[in-house]
Amino acid sequence: MEEVPLEAPAPRSQTPQRQAPQQAAEAADAEARITVDSPEAMQDLGRTLAGLLRPGDLVLLTGELGAGKTTLTRGLGEGLGVRGAVTSPTFVIARVHPSLRGGPPLVHVDAYRLGGGLDEMEDLDLDVSLPESVVVVEWGDGKVEELSEDRLHVVIARAVGHEEVLDDVREVSVRGIGPRWAGPGALAALVPAR
């Protein structure tokens, strides 16, 4: 697998879009960077992130193929207590996982094969699902931001270094956009205590 530094665009992934100055200021207050050293740790991060989510939340996942987007979403599903195995929705585009404990359903979308923005995604009715669900969109940068002014952008990148040592290591950046995620403590639960 190709190693990609956190700042460099990865093959077949999306580069996060530039933000307006006001959005950048809000995002700076709600950002967490986490180093994850195994698929199990990525799933744990997803479970922790689920504890911060509520109905109406939109999460955009960016990272190269095999970075851990679906593994993170699997942890989200466990943390939200949803039904069904969370697997990559690449060939079905979207899967809905109802809650087993009265919480929000998880709508898991893979927008990789969708070329257009929100127009092409209208058939998925994400705007209808969003208010009562947690919507997670893999490869969603530049395609679904218009769904909500409040959203999380999660960028997963392979750590650069000796391949045998860092093969499973990922650098995860979680950035909150909008009033829902304003404030320096909004994502504090994601950063492990030292």
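The expected span of a helix is 1.5 Å times one less than its number of residues. In this predicted model, that rule can be applied to helix α2, which comprises the twelve residues 39–50. The rule gives 16 Å for α2, and the C-alpha atoms at its ends lie 17 Å apart, which agrees.

Helix α2 has a buried set made up of M42, Q43, L45, G46, L49 and A50. These residues cover an arc of only 155° around the axis, and therefore lie on the same side of α2. A general property of helices is relevant here: an α-helix has 3.6 residues a turn, so residues three or four places apart point the same way. The partners of the buried residues of α2 are β1 (31–36), α3 (69–80), β6 (151–158) and β7 (170–177).

Helix α3 can be examined in the same manner. For its twelve residues a span of 16 Å is expected at 1.5 Å a residue, and its end C-alpha atoms are 16 Å apart, in agreement. Nine of the twelve residues of α3 are buried, so this helix is largely enclosed by the rest of the structure. The buried residues are K69, T70, T71, L72, T73, G75, L76, G77 and L80. They pack against α2, β2 (58–62), β4 (106–110), β5 (134–138) and β6. Just after α3, G81 adopts a positive phi of about 70°.

Within α3, L76 offers a view of this packing at the level of one residue. Its relative accessible area is 0%, and because burial requires a value under 20%, L76 counts as buried. When neighbours within four places in sequence are set aside, L76 is in contact with G46, R47, L49, A50, L53 and V136. Among these, G46, L49 and A50 also belong to the buried residues of α2. A further relation links L76 to V134: the two are 58 residues apart in sequence, while their C-alpha atoms are 9.6 Å apart in space.

Strand β6 contains R158, a charged residue whose relative accessibility of 5% means that it counts as buried. The side chain of R158 makes a polar contact of 2.9 Å with the side chain of E64. The R158 side chain also reaches the backbone oxygen of G66, at 3.5 Å.

A last point concerns aromatic rings. The structure holds zero aromatic pairs. The ring of W181 nevertheless has a charged partner, since the charged end of R180 sits over this ring, 4.0 Å from its centre.

Note on methods
Residues numbered from 1 in each chain as written. Predicted model: local features only at pLDDT ≥ 70, side-chain atom pairs only at ≥ 80, totals over all residues. Heavy atoms only, no water. Helix = DSSP H or I, 4+ residues; strand = E, 2+ residues; numbered from the N terminus. Buried < 20%, exposed > 50% of the residue type's maximum accessible area, 1.4 Å probe, protein only. Arc of directions from axis to C-beta. Contact = heavy atoms within 4.5 Å. Polar contact = N/O pair within 3.5 Å; in protein donor to acceptor, adjacent residues only side chain to side chain. Phe/Tyr/Trp six-rings, centres within 6.5 Å; stacked < 30°, edge-to-face > 60°. Lys NZ or Arg CZ within 6 Å of the ring centre and 35° of its normal.
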